[in-house]
Amino acid sequence: MIDNSSKEFKDRIQYGSTNLEYHIKRSKRIKTSELIVDSNRIEIRTPLNKSLQDTRNIILDKADWILKKQKQYQETAQEIIVPSFGENSMLPYLGKNYSLKIKKNQPTQMMKFINDEFVVNITAADGDEESKLQIKELYEDWLKRMAQKILLRRVKIYGQKVGVNIQKILVKDTLKSRWASLTKKNSINFNMHLIKAPPDVIDYVVLHEICHLKIRGHSYHYWSLLYRYMPNYQEKIEWLLKF
Ligand SMILES: [Zn+2]
């Protein structure tokens with residue numbers, strides 16, 4: 001039962017196939033209605049004299065936006081997924097999972113990342129193994145190109161901070177547990193899958209290798225050098241262990 005005169009209560013409305021439950025807070029201090037949305041709660045703050053019907057109309061007007069916002073929050077909160085490359089699936093990039101829009105039967109193949117969404121054109125006609133394979137290849141090419149760009153930039157930034165000079169990096173498709181390694185010629189090999197991780201974790205891996213240019217091995221001196229540039233590095237290691 002909804003007591004229309006109370007100041008705080010819950011209400012539900014049907015929007016398409018979705019049942020939207022939301023909280024209403026009425027206050028005489030509020031002059032214009034305000035909508036607050038997070039991943040699992042919708043709240044509307046309204047002036048005391050706002051009718052329930054008016055409030056429902058606001059929610060209905062904003063329902064599209066509310067659902068989109070909540071979906072975004074859920075995607076962000078998710079752990080990095082292992083992509084399936086199928087319809088309505090997602091692809092990870094820089095610590096988040098983004099939805100994948102597939103355009104089949106196209107004259108050429110291509111992958112773009114635009115407005116927080118992956119858009120892929122494939123020549124295959126339906127959602128079979130061939131189309132998944134095409135998408136996987138396009139995504140991994142894209143990932144490798146992005147990894148080269150992003151990692152080189154981060155290497156230059158951290159190289160300057162630590163005072164070492166690295167001219168070259170190599171990005172490879174390597175085993176997942178191996179994120180990076182130094183070569184004998186003092187260049188760094190990176191695993192392209194690293195750029196599925198959040199930027200601060202990527203920076204840790206970059207810094208880890210750069211510090212090895214000054215101190216090989218994992219001695220106490222090594223870790224205290226790294227600590228100087230990233231005091232919370234332990235969090236990044238823990239993130240990588242779960243990745
Ligand atoms: Zn190391």
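**Reading the loops and helix crossings**

Analyst: Let's start with aspartate 116, found in the loop between S7 and S8. One thing to keep in mind is that this is a predicted model.

User: Why does aspartate 116 count as exposed?

Analyst: The cut-off for exposed is 12 or fewer other C-beta atoms within 10 Å. Aspartate 116 has 11 C-beta neighbours inside 10 Å, so aspartate 116 counts as exposed.

User: What is the phi of aspartate 116?

Analyst: About 60°, a positive value, although aspartate 116 is not a glycine. Asparagine 115 lies in that loop too, between strand S7 (110–114) and S8. Its phi is near 50°, again positive in a residue other than glycine.

User: Is asparagine 115 buried or exposed?

Analyst: Exposed, because asparagine 115 has 7 C-beta neighbours inside 10 Å and the limit is 12 or fewer.

User: What about aspartate 128: where is that residue found, and why is it called exposed?

Analyst: Aspartate 128 is in the loop between strand S8 (117–121) and H2. There are 10 other C-beta atoms within 10 Å of aspartate 128, so it is exposed. Along the sequence, aspartate 128 and glycine 86 are 42 residues apart, while their C-alpha atoms are 8.5 Å apart in space.

User: Let's zoom out. How many helices and strands does the chain have?

Analyst: The chain has 5 helices and 11 strands.

User: How do you know that the chain is more spread out than a compact globule?

Analyst: Set the radius of gyration against the globule rule. The chain comes out at 24 Å, the rule gives 18 Å for 243 residues, and the value is well over that, so the chain is more spread out than a compact globule. The C-alpha trace spans about 75 × 50 × 25 Å along its principal axes.

User: What share of the residues is buried?

Analyst: Of the 243 residues, 21% count as buried. Buried here takes 20 or more other C-beta atoms within 10 Å.

User: Now the helices. Why are H2 and H3 described as oblique?

Analyst: The axes of helix H2 (residues 129–162) and helix H3 (residues 199–214) cross at roughly 50° and come within 9 Å. Under 35 degrees would be roughly parallel, and roughly perpendicular runs from 65 to 115. The crossing of H2 and H3 fits neither class, so the two are oblique to each other. H2 passes H3 in a right-handed crossing.

User: Which residues make that contact?

Analyst: H2 brings Leu151, Arg154, Val155, Tyr158, Gly159 and Val162, and H3 brings Ile202, Asp203, Val206, Leu207, Ile210, Cys211 and Lys214. Sorted by class, the contact holds 9 nonpolar, 1 polar and 3 charged residues.

User: What makes H3 oblique to H4?

Analyst: H3 and helix H4 (residues 220–229) have axes that cross at roughly 130° and come within 10 Å. The perpendicular band stops at 115, and roughly antiparallel needs an angle over 145. Neither applies, so H3 is oblique to H4. This crossing is right-handed as well: H3 passes H4 that way.

User: Which residues of H3 and H4 meet?

Analyst: Leu207, His208, Cys211 and Lys214 of H3 meet Tyr222, Leu225, Leu226 and Tyr229 of H4. That contact has 6 nonpolar, 1 polar and 1 charged residues.

User: Between H3 and H4 there is a loop with arginine 216. Why is arginine 216 called exposed?

Analyst: Arginine 216 has 10 other C-beta atoms within 10 Å, and 12 or fewer is enough for exposed. So arginine 216 is exposed. Its C-alpha atom is separated by 41 Å from that of glutamine 134, 82 residues away along the chain.

User: And how is H3 placed against H5?

Analyst: Their axes cross at roughly 105° and come within 9 Å, with H5 covering residues 233–242. The band for roughly perpendicular is 65 to 115, so H3 is roughly perpendicular to H5. Asp200, Val201 and Tyr204 of H3 and Tyr233, Lys236, Trp239 and Leu240 of H5 make the contact. It divides into 5 nonpolar, no polar and 2 charged residues.

User: Last one: why does tryptophan 65 count as exposed?

Analyst: Tryptophan 65 lies in helix H1 (residues 52–77). It has 11 other C-beta atoms within 10 Å, and the limit is 12 or fewer, so tryptophan 65 is exposed. Tryptophan 65 and leucine 240 are 34 Å apart in space, C-alpha to C-alpha, and 175 residues apart in sequence.

Note on methods
Residues numbered from 1 in each chain as written. Predicted model: local features only at pLDDT ≥ 70, side-chain atom pairs only at ≥ 80, totals over all residues. Helix = DSSP H or I, 4+ residues; strand = E, 2+ residues; numbered from the N terminus. Rg over C-alpha atoms; globule rule 2.2 N^0.38 Å. Axes fitted to C-alpha atoms, helices over the stretch in contact; angles between N-to-C directions. Left-handed = near helix turned anticlockwise from the far one by under 90°. Contact = placed C-beta atoms within 7 Å. Nonpolar A, V, L, I, M, F, W, Y, C, P; charged D, E, K, R; others polar.
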